[in-house]
Amino acid sequence: MRARITLAAVTVAAALAVAGCSSSGGDSGTDNPVVNTSAASSPTTSSPTTSAAASCSPSTLKTHSSGTLTVATDSPAYEPWFVDNKPANGKGFESAVAYAVAKQLGYSTAQVKWTVAPFNSVIAPTPKKYDFDINEVSITTARAKAVDFSSGYYDVAQAVVMFKKDKYSSATTIAGLKGAKLGAQQGTTSFAAIGSQLKTGKTPGEFPTNDLAVQALKNGQIDGLVVDLPTGLYLTSAELSGAKIVGQLPVTGKPEQFGLVLDKGSSLTSCVTKAVDSLRADGTLATLQQTWLTSSAGAPELK
């Protein structure tokens, strides 16, 4: 899912206890995220290498601006993916991943330029004014018809967030949520999970943004909010007083993954995928996840 929520300007490290083993957090489903060593389904698949191929360098890559790697994300850019709404500071998981990819491709920090791209425009089949976008965008077959994806940089699990006072908050199974009114941002895999996995019997609340979905939870319009696990952990620790993660949804089959988004048929897709694969293979993604994201402690799996 792609999560966007207004969060207090506090670093996740201070708000949450960072724990666990590495892996993906925009895409994970175990008690401690574990790095997926297989390439995610994407328009281009590449085998892990120790570094991007020789042809993948600033002198050969046809980037939006010569000698510069232009990276997009939404605005505001929220924690734990970015810190202080400043993607260029290198803080937060996705900011750090973007700079790590740039380094693999041979670009210095000074050669990385950030630009704003709203989520819906990113997944639309329209020309991009950037080289890749990093914005918690889940790789799906439908989206891959309109855009290119790199291999996955994060394995995502979905989680249900509720206030402890809600009558459904003590549920330990999916069946225990029967009758609950759940909501999520429209067009996200979190919203899709309400219908495909939770099936509470109530029409889900569909909101244009996660900000509005969170507000609906605060207003009592919905019983629970479905978001990706890292965002849920942050929300319950730093944003929603009296809230808890009821549980995370089981991952069935291939885990949902976040991928970098590029123009459909982009000449950069192969090189960006090789860079992501290299960062997974050498443990960089695991280290960044340990630094900026949390484990799923306190988020039991709903069965």
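1. In this predicted model, C56 and C271 form a disulfide, with their sulfur atoms 1.9 Å apart. A disulfide is a covalent bond between the sulfur atoms of two cysteines. The distance of 1.9 Å for C56 and C271 can be set against the cut-off, which asks for sulfur atoms within 2.5 Å, and by this rule the count comes to one disulfide. The link of C56 and C271 is left-handed, with -75° about the S-S bond.

2. Which parts of the chain does this pair tie together? C56 lies in the loop between α1 (12-15) and β1 (69-73), while C271 lies in helix α7, so the pair ties together parts that are 215 residues apart in sequence. Are the two cysteines buried or exposed? A residue counts as buried when its relative accessible area is under 20%; C56 has a value of 4% and is therefore buried, and C271, at 7% relative accessibility, counts as buried as well.

3. Helix α7, which holds C271, also takes part in a helix packing that can be followed in the model. Two packed helices are described by the angle between their axes and the distance between the axes. For helix α2 (residues 93-104) and helix α7 (residues 269-281), the angle is about 110° and the axes are 9 Å apart, which makes α2 roughly perpendicular to α7. The crossing of α2 and α7 is right-handed.

4. The residues that build this contact can be picked out on both sides: V97, A100, V101 and Q104 in α2 meet V272, A275, V276, S278 and L279 in α7. By class, the contact of α2 with α7 has seven nonpolar residues, two polar ones and no charged residues.

5. Helix α2 also packs with helix α8 (residues 284-292), where the axes come within 9 Å and cross at roughly 155°. That angle makes α2 roughly antiparallel to α8, because angles over 145 degrees count as roughly antiparallel. The crossing of α2 and α8 is right-handed, and the contact is made by F93, A96, V97 and A100 of α2 together with T284, L285, L288, Q289 and W292 of α8. By class, the contact of α2 with α8 has seven nonpolar, two polar and no charged residues.

6. A96 of helix α2 is a useful residue on which to look at this packing in detail. At 11% relative accessibility, A96 counts as buried, and, when its neighbours within four places in sequence are left aside, A96 is in contact with G90, L288 and W292. A96 and L288 are 192 residues apart along the chain, yet their C-alpha atoms are separated by 7.1 Å.

7. Helix α4 (residues 189-198) offers another place to look at burial, and its buried residues are T189, S190, F191, A193, I194 and L198. What covers these buried residues of α4 includes the strands β5 (158-163), β6 (182-185), β7 (205-207), β8 (224-228) and β10 (256-263). After α4 comes K199, whose phi is positive, near 45°.

8. Turning to the whole protein, its secondary structure comes to eight helices and 10 strands, and 56% of its 303 residues count as buried. Among contacts between residues at least 6 apart in sequence, 77% join residues at least 24 apart; the contact of A96 with L288 is one to inspect with this in mind, as these two residues are 192 apart along the chain.

Methods: Residues are numbered from 1 along each chain as its sequence is written. This is a predicted model: local features need pLDDT of at least 70, side-chain atom pairs count only at pLDDT 80 or more; totals for chains, interfaces and linings use all residues. Side-chain values use heavy atoms; hydrogens and water are left out. Axes are lines fitted to C-alpha atoms, for helices over the stretch in contact, and angles run from 0 to 180 degrees between N-to-C directions. Helices (H or I, at least four residues) and strands (E, at least two) are DSSP runs, numbered from the N terminus. Angles under 35 degrees count as roughly parallel, over 145 as roughly antiparallel, 65 to 115 as roughly perpendicular and the rest as oblique. A crossing is left-handed if the near helix is turned anticlockwise from the far one by less than a right angle, and right-handed if clockwise. Contact means heavy atoms within 4.5 Å. Ala, Val, Leu, Ile, Met, Phe, Trp, Tyr, Cys and Pro count as nonpolar, Asp, Glu, Lys and Arg as charged, and the others, Gly among them, as polar. Buried means under 20% relative accessible area, exposed over 50%, partly exposed in between (1.4 Å probe, protein chains only).
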